[in-house]
Structures are given as C-alpha cells and as structure tokens.
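Colleague: I am new to reading protein models and would love a friendly guided look at one part of this one. Could you take me through it slowly?

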Amino acid sequence: PGWSEYIQPMGDQLFAVGVENQQVTASLFDLTDKSNPRPAHRVYMGEEEAYSWSEANYDEKAIGQLPSQNLFLIPFQSWEKGSSSNKVQILEVTGTGIVKRGAITHRFQARRAAPDATGLRIFSISGNELHVTDFSNRENPQPLARLPLAWKVDRLHHAGENLLQIEEQGGYSWGWRSSSQDANATLRITGAATPDILLASLDLG
C-alpha cells in the first residue's frame with residue numbers, strides 16, 4: 001500500500017500527498033464520518049506504473065497552493081521508458097475529486113511553484129530556469145515565458161567586451177540516468193565582466 005507525508009484539512013475532507021507503489025500520490029479522504037475516515041479519491045504523478053518521487057514528500061514548502069481556488073502544485077520527477085522527466089503537476093480539488101489540470105515541464109528538477117493571486121498565472125522554478133504558465137484555460141495551460149537562471153558551457157570564446165558561451169548538443173547525465181529534454185546546441189552571449197547576465201541566446205538546433 002502507501003502512506004501520506006503531507007496532510008491538509010479541507011472542510012469534511014483531507015488533502016494528502018504521499019507515496020503508493022513507488023509513485024507520488026495526491027489523495028482525498030472523506031471525514032463525513034469522523035469515526036471512520038475513508039479514502040475518497042487518488043491520483044498519481046506521472047504515467048501509471050512509472051516510478052516517481054517528489055521533494056514534497058519530505059518538505060512541505062515544495063507544495064504550492066491557492067486555497068481560494070482549491071489549487072495545488074506538486075513538483076515531481078519520474079522515470080519511465082528509459083528516461084527521466086521533471087514536472088510540476090497542476091491539481092484542482094473539485095466536487096467530484098482531484099482533477100489533473102496539466103503539467104509544467106522543466107529541464108531540471110522542479111523545486112517550487114506558486115500561482116499569482118488570480119490563479120491565472122503560475123510561476124515555477126528549478127535550478128536551471130523560471131517558467132511562467134498561462135492558466136486562464138484550465139483545460140489547456142500554456143507556457144508564457146521561460147527565463148534561464150543557469151546553463152551548461154562547453155566552449156567559451158572572447159569577442160571584444162562579450163563572451164560567446166556555447167552549449168553543445170546533447171542531454172545531461174547523472175550517473176545511471178540521463179535527460180535529453182531541450183538538448184539542442186545553444187549559443188549564449190554575455191558581457192565579459194558579467195558572465196552570468198544573459199544578453200542574447202540562439203538555438204543552434
């Protein structure tokens with residue numbers, strides 16, 4: 001079976017994030033009968049039967065939420081079909097249960113996500129980038145912007161007062177697992193004195 005690591009009361013229900021069969025779960029428990037709470041609904045992060053894990057299972061600050069609209073944002077990583085993925089799952093608690101409203105894909109492990117006060121924009125961050133997602137259409141969230149925060153440099157060239165930073169084509173690897181997401185070669189231009197401030201970038205394919 002499984003267990004819950006994060007539990008939050010919601011009226012006559014409990015919303016919980018936990019683990020079952022090596023998968024991250026979000027669950028609702030019915031508290032109508034306080035002497036006999038029962039599972040009401042459960043969804044899994046990632047594809048069914050795929051191994052997944054989440055920082056939310058040991059740090060409650062990883063869970064983003066907008067209580068006024070019953071929205072929860074769960075960062076998770078999964079391993080399926082020989083590759084890994086890094087996402088933020090958007091969840092909405094409705095009268096019929098928990099609805100998966102789409103996921104925001106990141107290049108590296110997604111760490112935190114939070115909606116704005118209206119619930120129309122979602123900001124999510126990894127160690128590599130900041131994403132802004134349009135959530136005005138809950139059935140079809142759309143990316144609005146992506147701001148790189150850090151990047152890999154394989155080759156470096158001085159060009160006057162600028163630096164040309166080249167990331168070669170290919171994914172990232174961490175020992176036994178690898179990621180091929182957004183693996184195109186990329187040229188980035190920064191100031192020679194400010195190598196961490198991006199002036200321009202070009203996808204080289």
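Colleague: How many aromatic pairs does the count come to?

Modeller: Happy to help! Please keep in mind that this is a predicted model. The count comes to two aromatic pairs. Let us start with Phe15 and Phe72, whose rings are stacked, with 3.8 Å from centre to centre and 10° between the planes. The label "stacked" applies because planes under 30 degrees apart count that way. Now find these two rings on the chain: Phe15 sits in strand 2 (residues 13–20) and Phe72 in strand 7 (residues 71–80), so the pair ties together parts that are 57 residues apart in sequence. Both Phe15 and Phe72 are buried.

The other pair to look at is Tyr51 with Trp53. The centres of the Tyr51 and Trp53 rings are 5.1 Å apart and their planes meet at 35°, so this pair is tilted. An angle of 35° misses both other labels, because stacked needs planes under 30 degrees apart and edge-to-face needs over 60. How covered are these residues? Tyr51 is partly exposed, with a relative accessible area of 38%, and Trp53 is also partly exposed, at 23%. Trp53 is not called buried because that word is kept for values under 20%.

For some context, let us step back to the whole protein chain. The protein chain has 19 strands and zero helices, so the two strands holding Phe15 and Phe72 belong to a chain built with strands and no helices. Its C-alpha atoms fill a box of roughly 75 × 40 × 25 Å along the principal axes. Of the 205 residues in the protein chain, buried ones make up 40%, and Phe15 and Phe72 are among them. Contacts tell a related story: among those in the protein chain with a separation of 6 or more, 35% are between residues 24 or more positions apart.

The outside of the chain can be described too. The protein chain exposes about 11,200 Å², and carbon and sulfur atoms supply 51% of that area. As for charge, there are 18 positive and 24 negative side chains, with the centres of the two sets 1 Å apart.

To finish, return to the two ring pairs in your viewer: Phe15 and Phe72 are stacked and buried, whereas Tyr51 and Trp53 form the tilted pair, with Tyr51 partly exposed and Trp53 partly exposed as well.

Definitions and conventions
Residues numbered from 1 in each chain as written. Predicted model: local features only at pLDDT ≥ 70, side-chain atom pairs only at ≥ 80, totals over all residues. Heavy atoms only, no water. Phe/Tyr/Trp six-rings, centres within 6.5 Å; stacked < 30°, edge-to-face > 60°. Helix = DSSP H or I, 4+ residues; strand = E, 2+ residues; numbered from the N terminus. Buried < 20%, exposed > 50% of the residue type's maximum accessible area, 1.4 Å probe, protein only. Contact = heavy atoms within 4.5 Å. Areas by Shrake-Rupley, 256 points an atom, 1.4 Å probe, with all protein chains shown as cover. Lys, Arg positive; Asp, Glu negative; His and termini not counted. Charge placed at Lys NZ, Arg CZ, Asp CG, Glu CD.
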